[in-house]
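Subject: Handover of a structure and notes on its contents

Dear colleague,

Please find below the structure that I am handing over to you. My notes on what was found in it follow directly after.

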Amino acid sequence: MNEPKRYLITAALPYANGLKHIGHLAGAYLPADIYVRYLRSRKRDVAFVCGSDEHGTAIPIQAMKEGTTSQAIIDKYHNLIKENFRDLSISFDIYHRTSSPLHHQTSQDFFTALNNAGELETKETEQYFDEQANTFLADRYIKGTCPNCGFDGAYGDQCEKCGTALSPDELINPVSTLSGQPPIKKKTTHWYLPLNRHEEFLRNWIIGEHENDWRANVVGQCKSWLDGGLQPRAVTRDLDWGIKVPLPEADGKVLYVWFDAPIGYISATKQWAIDNNREWEPYWQDKDTKLVHFIGKDNIVFHCIIFPVMLKLHGNILPANVPSNEFLNLEGDKMSTSRNWKLDMQDYIDDFVKKENGGPQLVDALRYYLTQIAPETKDSEFTWKGYQDAVNNELVAIFGNFVNRAFVLMHKLTNGKVPPLHTEIMDDRDNAIIAAITRSKSNIENLLEGYKFRDALFEVIDLSRSGNKYMQEKEPWIKAKKLAEDPLAQQEIDNTLHICLQLCANLAIFINPFLPNTAQKMIHMMKVVDKMLEWENAGKTKLLSVGYSLRAPELLFRKIEDMEIQEQIQKLQNNSTPSPGVSAAAPAQEKQVELKATIQFDDFAKIDLKVGTIETAEKVEKADKLLKLSVNLGFETRTIVSGIALHFSPDEIVGKQVVVVTNLAPRKMRGIESNGMILMAEDNNGKLHFISPASVINPGSGVS
């Protein structure tokens with residue numbers, strides 16, 4: 001494949017409704033920054049764009065919580081988030097915002113182009129309306145009883161007690177959070193993007209072209225959506241906060257946030273081009289541009305299905321890759337903003353970076369650990385003990401130790417100058433470490449090009465580990481004691497330290513995309529300029545000139561003390577709040593479990609549990625979270641609607657045996673009468689699992 005003329009790298013726009021935690025950092029922004037820094041070291045034409053997502057219901061809801069205005073909220077958090085990224089060395093070329101006039105105009109022009117081309121359609125639907133507040137209600141403005149766990153404070157999009165994804169129609173006894181009154185259903189007209197028209201294109205593009213070069217989790221989730229059948233998706237909504245729909249008949253309507261947010265990449269590119277006297281069009285229209293979206297798993301559908309359809313219809317290029325990470329958990333539990341079980345970027349900056357003995361070295365310490373545990377293929381976990389071990393046992397004891405030893409011995413044994421290399425006495429160990437330097441370049445390069453940042457970082461650390469082993473085997477400090485009796489001792493010392501210093505120079509190049517502050521300190525010690533960090537220099541073993549004086553060594557990293565870790569764990573436990581309905585006395589570091597009130601056996605005996613076999617499964621129209629199941633119970637086949645569509649695709653559960661509550665009163669969900677409930681178990685990561693018999697048994701068998 002030919003090298004692209006230019007690269008456009010995007011990282012998911014964070015919502016400006018609150019501080020962002022390290023899970024966000026690890027999911028999209030750090031991997032994007034590593035890739036961009038690598039591209040820059042290769043002197044590629046690259047634009048790295050991001051910005052705050054400032055529309056949608058999350059903003060006015062946060063404004064209500066803080067007793068202020070939506071504008072004040074986005075101004076506050078946009079600036080804080082932007083500063084957090086800067087403090088953690090995330091090197092955006094521009095960090096824009098979707099509240100800018102340029103973005104509003106860009107989004108309206110995009111909508112108008114699609115609408116004028118007949119690519120949008122209008123539909124009249126019924127939505128919840130608050131008569132007292134005289135407004136249509138978004139999902140988060142509706143509360144009611146969760147149909148899954150019975151919690152009476154569930155929102156229209158999710159129950160914060162059991163975590164079940166919901167729609168407003170599923171809530172029992174819904175009320176408006178604005179007035180406290182039950183809402184009514186009222187007709188409203190909206191514009192839709194008919195995704196169903198583009199299933200063949202998406203299937204050919206994602207599965208036909210990218211099944212082998214995109215991450216399996218991305219392709220798998222896309223397959224699930226496509227196999228379930230795509231439905232038209234509204235691009236407008238009734239709301240007073242957002243980008244006005246540019247049509248006279250759309251008074252009181254704004255562009256849906258999922259529609260305008262990804263267009264933020266385009267408006268950010270436009271602003272970057274204006275600021276730098278560049279043209280923006282080639283980055284979105286020239287096929288010689290490589291577009292890469294870095295996102296978390298919850299954004300896959302938007303960046304791999306919805307936005308590509310929008311781009312195709314608008315005449316823009318499509319992403320070459322969408323590296324998506326899974327979720328990062330914290331100390332044995334899912335990160336949760338509502339429960340305050342999280343580590344905000346701001347907290348880490350305040351507690352480590354801006355404290356005495358902090359600074360850039362602890363920025364890189366966090367970047368190192370988050371890359372080492374990056375959830376590239378599955379959920380991973382941040383623990384404070386793991387962070388301490390990574391810093392102390394790897395950054396300090398391996399990488400930092402090797403560099404420090406090389407510089408200390410150079411100053412002690414070769415007068416602080418790069419010694420010559422005596423090729424005539426080089427041995428197999430000398431040649432092996434030089435070969436390792438050359439080999440590492442291609443290994444690290446291939447891994448970075450393949451978005452395998454965790455493995456690439458391991459290669460760098462492993463090379464420094466080899467350097468330590470090489471130095472230990474050569475023992476220049478022992479040879480220094482034999483100078484009087486061994487005429488070759490000084491030459492052997494020279495060779496060892498020459499090779500170790502050239503290895504240090506290569507380590508600076510290799511570590512630069514991951515730990516840029518460390519690379520800067522290393523080239524300061526080596527008295528060389530930034531140009532040495534260019535990728536074309538990697539793998540070379542004549543980067544430092546013979547006889548060149550180098551500065552005295554500086555410790556690259558400091559150890560993380562036990563007290564610091566204990567303080568953070570205690571802080572996490574003290575600040576966290578339990579889930580709704582969970583006792584506050586439960587230990588914060590353990591999975592909190594709610595025990596319901598004791599019942600009598602006669603109460604349990606009223607529940608009729610039977611084994612059923614799922615015969616058919618299909619997505620429910622206009623309900624992303626619901627599957628319509630036909631379940632064979634032996635004596636009859638029933639229709640059951642279950643909110644499991646975000647966890648399972650229809651085709652993977654056909655034939656599955658499940659446990660069904662068969663005597664539950666029927667209820668309608670999206671116009672479909674559901675006659676039963678499938679029993680599920682939820683693990684610590686929020687993933688649902690079927691409760692099934694250990695072996696296949698006859699449908700209708702009782703469960704007791």
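Is Cys146 buried or exposed? With a relative accessibility of 2%, Cys146 counts as buried, because buried means under 20% relative accessible area. Please bear in mind throughout that this is a predicted model.

The annotated cysteines

Cys146 is one of four residues, together with Cys149, Cys159 and Cys162, at which an unreviewed UniProt entry places the feature "binding site". These four cysteines are spread over 17 residues of sequence, yet they cluster in space, with a largest C-alpha distance of 8.7 Å. Cys146 belongs to the loop between β6 (142-145) and β7 (154-155). Apart from neighbours within four places in sequence, Cys146 has contacts with Phe151, Ala154, Cys159, Cys162 and Leu166.

Cys162 is found in the loop between β7 and β8 (172-176). Its relative accessible area is 15%, so Cys162 is buried as well. When neighbours within four places in sequence are left aside, the residues in contact with Cys162 are Cys146, Asn148, Cys149 and Glu682.

The nonpolar cores

The largest nonpolar core holds 169 residues, and the members that touch the most others are Ile9, Tyr348, Phe382 and Tyr387. Helix α12 (residues 384-413) gives the most to this core, contributing 14 residues. For Ile9, not counting residues up to four places away in sequence, the residues touched are Ala32, Tyr35, Val36, Leu39, Val46, Ala47, Phe48, Val49, Val292 and Phe294. Another core, of 16 residues, lies apart from it; Ala617, Leu627, Leu633 and Ile644 are among its members.

An open sheet

Strands of a sheet pair through backbone hydrogen bonds, in a parallel or an antiparallel manner. One open sheet in this model consists of four strands in the order β5-β4-β9-β10, with antiparallel pairing. Its edge strands are β5 (135-136) and β10 (233-234), each of which pairs on one side only. Between β9 (residues 184-193) and β10, the antiparallel pairing extends over two bridges. Leu193 stands opposite Arg233 in β10. Helix α9 (residues 300-314) lies across both β9 and β10, and runs at about 60 degrees to β9.

Salt bridges

Side chains of opposite charge can pair when their charged atoms come close. The count in this model comes to 36 salt bridges. In one of them, the side chains of Arg44 and Glu3 meet at 3.1 Å, N to O. Arg44 lies in the loop between α1 (22-41) and β2 (46-52), while Glu3 lies in the segment before β1 (6-11), so this pair ties together parts that are 41 residues apart in sequence. Arg44 counts as partly exposed at 25% relative accessibility, and Glu3 is also partly exposed, with a relative accessible area of 38%.

A second salt bridge joins the side chains of Lys571 and Asp351 at 2.7 Å, N to O. Lys571 is part of helix α18 (residues 562-575) and Asp351 is part of helix α10 (residues 345-353), so the pair ties together parts that are 220 residues apart in sequence. Lys571 is partly exposed, with a relative accessible area of 28%.

The side chains of Glu564 and Arg558 also meet in a salt bridge, at 2.9 Å, N to O. Both Glu564 and Arg558 are buried. In addition, salt bridges that share partners join Lys43, Lys531, Glu534 and Glu536 into one network.

Asn537 and the "HIGH" region

Asn537 lies in the loop between α17 (516-526) and α18. Asn537 is buried, with a relative accessible area of 12%. Leaving aside neighbours within four places in sequence, Asn537 is in contact with Asn506, Ile509, Lys531, Met532 and Leu543. One of these contacts, Lys531, is also a member of the salt-bridge network named above.

Finally, an unreviewed UniProt entry places the feature "short sequence motif: 'HIGH' region" at residues 14-24. Over these residues the chain is 27% helix and 0% strand, and the end C-alpha atoms are 8 Å apart.

With kind regards

Notes:
Residues are numbered from 1 along each chain as its sequence is written. This is a predicted model: local features need pLDDT of at least 70, side-chain atom pairs count only at pLDDT 80 or more; totals for chains, interfaces and linings use all residues. Side-chain values use heavy atoms; hydrogens and water are left out. A nonpolar core is a set of buried Ala, Val, Leu, Ile, Met, Phe, Trp, Tyr and Cys residues joined through side-chain atoms within 4.5 Å. Buried means under 20% relative accessible area, exposed over 50%, partly exposed in between (1.4 Å probe, protein chains only). Contact means heavy atoms within 4.5 Å. Two strands pair if DSSP finds at least two bridges between them. Axes are lines fitted to C-alpha atoms, for helices over the stretch in contact, and angles run from 0 to 180 degrees between N-to-C directions. UniProt positions are given in the numbering used here, feature names are shortened, and annotations may be inferred rather than shown by experiment. A salt bridge is a side-chain nitrogen of Lys or Arg within 4 Å of a carboxyl oxygen of Asp or Glu.
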